[in-house]
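Morning, everyone. I have one structure to walk through today. Have a look at it first, and then I'll start in the middle.

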Amino acid sequence: MIVAQKKPLQEIMSSVRDYDKVLTVGCETCVAVCLAGGSREVSMLNWELSAARSLQELPLELGEATVTRQCDQEFLAELDPLVQDYQALLSMACGVGIQFLAERYPDKPVLPAVDTSGMSGNRDVGWYEERCRGCGRCVLAYTGGICPITMCAKGLLNGPCGGTNGEFCETNPDQPCAWHTIYHRLASQGRLKNIIEYQPPQEWFNQVPRTIIQPGYGYEENTQDA
Ligand code: SF4
Ligand code: SF4
């Protein structure tokens with residue numbers, strides 16, 4: 001899932017300083033699961049903002065709304081009747097949701113209340129580990145299911161580098177060396193030949209915005225037309 005963290009309150013205060021009527025919009029999907037931007041976090045943020053602005057004797061009227069997914073225009077429609085009453089929107093969704101909100105209401109300032117960090121797995125409630133950076137050409141088949149782009153500090157596709165300290169990464173003694181882990185995973189599976197094969201450089205498909213059209217898209221409409 002996509003993981004995000006609430007921005008420091010001072011930064012959020014700064015972004016709403018010119019407004020006195022703001023709608024805070026949460027998302028009930030990834031950011032709710034990772035405790036960053038669901039309905040509970042929306043209420044908590046509004047409470048903090050309200051208290052902080054009261055101390056400054058600059059009252060701030062705050063509304064709150066949380067949609068099922070901010071990254072889906074279908075769910076944003078329910079905000080239409082609310083948005084017109086506010087000067088700005090404060091979004092607690094990931095960067096995708098924030099941009100979809102901004103696209104739907106182009107005449108309203110849409111301000112992020114969270115920093116989006118990436119795609120992570122759940123270790124526990126409140127503990128998330130990044131595992132994928134959406135490179136667009138997945139290499140897990142030859143790396144024993146360990147992502148070198150995310151787990152290696154240098155994102156090496158042909159590791160390890162010369163600085164590996166055996167088990168640990170040269171950049172951080174607490175961080176396992178991804179290629180050490182890959183080596184042992186492949187060895188345990190009898191697939192060490194993978195590590196000898198040269199892997200060509202990544203094409204970094206994630207450096208440009210990508211649009212994915214799945215084969216099943218429009219299938220029902222197309223079959224009805226036929
Ligand atoms: S190789 Fe690319 S797609 Fe596969 S897990 Fe790593 S970043 Fe994600
Ligand atoms: S020590 Fe290992 S994880 Fe760290 S940069 Fe080198 S190959 Fe990558």
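Let's begin with a pair of strands. β2 and β3 run parallel to each other, and seven bridges join them. Keep in mind that this is a predicted model.

Find Val25. In β3, the residue opposite Val25 is Ala65. Now look towards β4. There, Val25 stands opposite Ser91. That second pairing, between β2 (residues 21–27) and β4 (residues 88–91), is also parallel, with four bridges.

Now the whole sheet. In what order do the four strands come? The order is β3-β2-β4-β5. The sheet is open, and its pairing is parallel. At the edges sit β3 (61–67) and β5 (110–112), each with pairing on one side only. From one strand to the next, the twist averages 25°. For anyone who wants the background, strands in a sheet pair through backbone hydrogen bonds, in a parallel or antiparallel sense.

Back to β2. How many of its seven residues are buried? Six of them are, so β2 is largely enclosed by the rest of the structure. To be clear on the cut-off, buried here asks for 20 or more other C-beta atoms within 10 Å of the residue's own.

A helix belongs in this picture too. Helix α3, residues 39–55, lies across β2 and β3. The angle between α3 and β3 is about 170°.

Let's zoom out. The domain assignment splits the protein chain in two: domain 1 covers 2–119, and domain 2 covers 133–207. Their centres, taken over C-alpha atoms, are 37 Å apart.

Next, the ligands. Which residues are around ligand 1? There are cysteines: Cys132, Cys135, Cys138 and Cys147. Alongside them are Arg133, Gly134, Val139, Leu140, Ile149 and Thr150. By class, that shell has seven nonpolar residues, two polar and one charged. Remember that Cys counts as nonpolar in this scheme.

Ligand 2 has 15 residues around it. The closest are Cys152, Pro160, Cys161, Cys169 and Cys177. The shell around ligand 2 divides into nine nonpolar, four polar and two charged residues.

To recap: a parallel, open sheet of four strands, with β2 largely enclosed. Two domains in the assignment. And cysteines among the residues around ligand 1 and among the closest to ligand 2. Thanks, I'll stop there.

Definitions and conventions:
Residues numbered from 1 in each chain as written. Chains lettered and ligands numbered in written order. Predicted model: local features only at pLDDT ≥ 70, side-chain atom pairs only at ≥ 80, totals over all residues. Near = placed C-beta within 6 Å. Domains from an automatic or database assignment. Pairing = 2+ DSSP bridges. Helix = DSSP H or I, 4+ residues; strand = E, 2+ residues; numbered from the N terminus. Axes fitted to C-alpha atoms, helices over the stretch in contact; angles between N-to-C directions. Contact = placed C-beta atoms within 7 Å. Buried ≥ 20, exposed ≤ 12 C-beta atoms within 10 Å, placed from the backbone.
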